[in-house]
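Biologist: Before relying on the terms used for this protein, I should like to see how each is justified. Could we go through them one by one?

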Amino acid sequence: MEQRHLGRTGLRVSRIGLGTLTWGRDTDEHDAADLLKTFWEAGGSLVDTADVYGDGESEYLLGRLMEGLVPRRDLVISTKAGSVPDPDRRFDGSRGHLLSALDASLSRLGTDYVDVWHVHAYDPDTPLEETLQALDLAVSSGRARYAGVSNFCGWQLAKAATWQLAAPGLRTRLASTQMEYSLLQRGVEREVLPAALDAGIGMLPSSPLGRGVLTGKYRDATPADSRGASDHLAPFVAPYLDDTASRIVDAVTTAADGLAVTPLQVALAWVRDRPGVTAPVVGARNAQQLAAALSVEALSLPDEICRALDDVSAPVHRYPDHDWSTL
């Protein structure tokens, strides 16, 4: 698999990442082992998790699999901290919480360091400089090699990146940002992606297949074994089952038929090769699904297909996102 630099850093990662959101909850150890082995054998290196996935079970399971299945040195482990199971405070970006969470993640993962450590989301109740200081301490202590953020909007990302760049050598450059990005969700193109490109921050798209909808499996009905049929994941899929999404899925399917490939491959190739994207993070239920996603490595979409998909999925961008003189 082709390797790409993560933002403006020397770290190279596979251009498709493996997501572990369901590990330890819907994905058991046997299936997780098959997924990790399939990914590694295909040349994949970037594995993404978080301390809240499966209430910590995702990290624990990944740590167990690294003991004997896949060498730690072959993987680029990304994890996140900051989400908390508190209905009154969804995110805790305080230095104390973040560093304690990192230590707990390292213990579950059974490793001395993570390659990339992300703040899971912006915490409006903590000064941003305090949150970012936790990233600096994690890197300077060797517990994280690189640092990033997740789910920061455009101004938040630009502010954080600028703060870090203001003291080179003392503060840690942001390497990456993880955001949802797909043909069904192009909101990051308004301000987040331009900010990331300007600051040299690599984009790691989550849900690059539109929460599974872009595979076309929901066109006629909801498969019984799909996330859309799951009690706890159905609300996650539901927002992308409207008429607008249906038109985009139809266009993806038409393109796939014309190229003699699958809708999954078309949708994943589109987001993988967008400007600023380093590596979409793909979640799969089993090794067969993952292998289907990894088969996109050999596919590059023709320019005319990209333009057609751009047009059918184009988000509404008005003032001030576009040049005011054209409005």
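**Salt bridges, burial and backbone**

Modeller: Across the whole structure, 19 salt bridges are found. Please bear in mind that this is a predicted model.

Biologist: What makes the pair D250 and R219 a salt bridge?

Modeller: The criterion is a side-chain nitrogen of Lys or Arg within 4 Å of a carboxyl oxygen of Asp or Glu. The side chains of D250 and R219 meet at 2.7 Å, N to O, so the pair qualifies under that limit. D250 belongs to helix α8 (residues 243-259) and R219 to the loop between β9 (202-206) and α7 (234-237), so parts 31 residues apart in sequence are tied together.

Biologist: Why is D250 called partly exposed?

Modeller: Partly exposed lies between buried, under 20% relative accessible area, and exposed, over 50%. D250 has a relative accessible area of 32% and therefore falls in that range. R219, with 44%, is likewise partly exposed.

Biologist: Which parts of the chain does the salt bridge between D273 and R15 link?

Modeller: The side chains of D273 and R15 meet at 4.0 Å, N to O. D273 is in the loop between α9 (263-272) and β10 (281-282), while R15 is in the loop between β2 (12-14) and β3 (17-19), 258 residues apart. D273 counts as partly exposed because its relative accessibility is 36%; R15 counts as buried because its value is 7%. Both residues also belong to a network of salt bridges that links E2, R4, R15, R272, D273 and E297.

Biologist: How do you know that R274 and D310 form a salt bridge?

Modeller: Their side chains meet at 3.1 Å, N to O, and the criterion asks for a distance within 4 Å. This pair links R274, in the loop between α9 and β10, with D310 in helix α11 (residues 303-312), 36 residues apart. R274 has 18% relative accessibility and therefore counts as buried.

Biologist: What keeps D51 from being assigned a salt bridge?

Modeller: The nearest side chain of opposite charge, R108, is 4.9 Å away from D51, whereas a salt bridge requires a separation within 4 Å. D51 is therefore without a salt bridge by this definition, yet the residue is buried. D51 is found in the loop between β4 (46-48) and α2 (57-68). Beyond its neighbours within four places in sequence, the contacts of D51 include E59, K80, S105 and R108.

Biologist: Why are the phi angles of S207 and A260 singled out?

Modeller: Most residues other than glycine have a negative phi. S207, which is not a glycine, has a positive phi of about 45°, and A260, also not a glycine, has a positive phi of about 60°. S207 is placed in the loop between β9 and α7, and A260 in the loop between α8 and α9. S207 is called buried because its relative accessible area is 19%, while A260 is called exposed because its value is 71%.

Biologist: How many cavities of 30 Å³ or more does the structure have, and what lines the largest cavity?

Modeller: The search of the whole structure finds 1 cavity of 30 Å³ or more, and the largest cavity has a volume of about 40 Å³. Its lining consists of G93, V119, A121, Y122, D123, T126, L128, T131 and F152. These lining residues divide into 5 nonpolar, 3 polar and 1 charged.

Conventions
Residues are numbered from 1 along each chain as its sequence is written. This is a predicted model: local features need pLDDT of at least 70, side-chain atom pairs count only at pLDDT 80 or more; totals for chains, interfaces and linings use all residues. Side-chain values use heavy atoms; hydrogens and water are left out. On a 1 Å grid over the protein atoms alone, a cavity is a set of points where a 1.4 Å probe fits but cannot get out, and a pocket is an open set with protein on both sides within 12 Å along at least five of seven lines; lining residues have an atom within 4 Å of a point. Grid points are joined across faces, edges and corners, and a volume is the space filled by probe spheres set on the points. Ala, Val, Leu, Ile, Met, Phe, Trp, Tyr, Cys and Pro count as nonpolar, Asp, Glu, Lys and Arg as charged, and the others, Gly among them, as polar. Helices (H or I, at least four residues) and strands (E, at least two) are DSSP runs, numbered from the N terminus. Buried means under 20% relative accessible area, exposed over 50%, partly exposed in between (1.4 Å probe, protein chains only). Lys and Arg count as positive and Asp and Glu as negative; His and the chain ends are not counted. Contact means heavy atoms within 4.5 Å.
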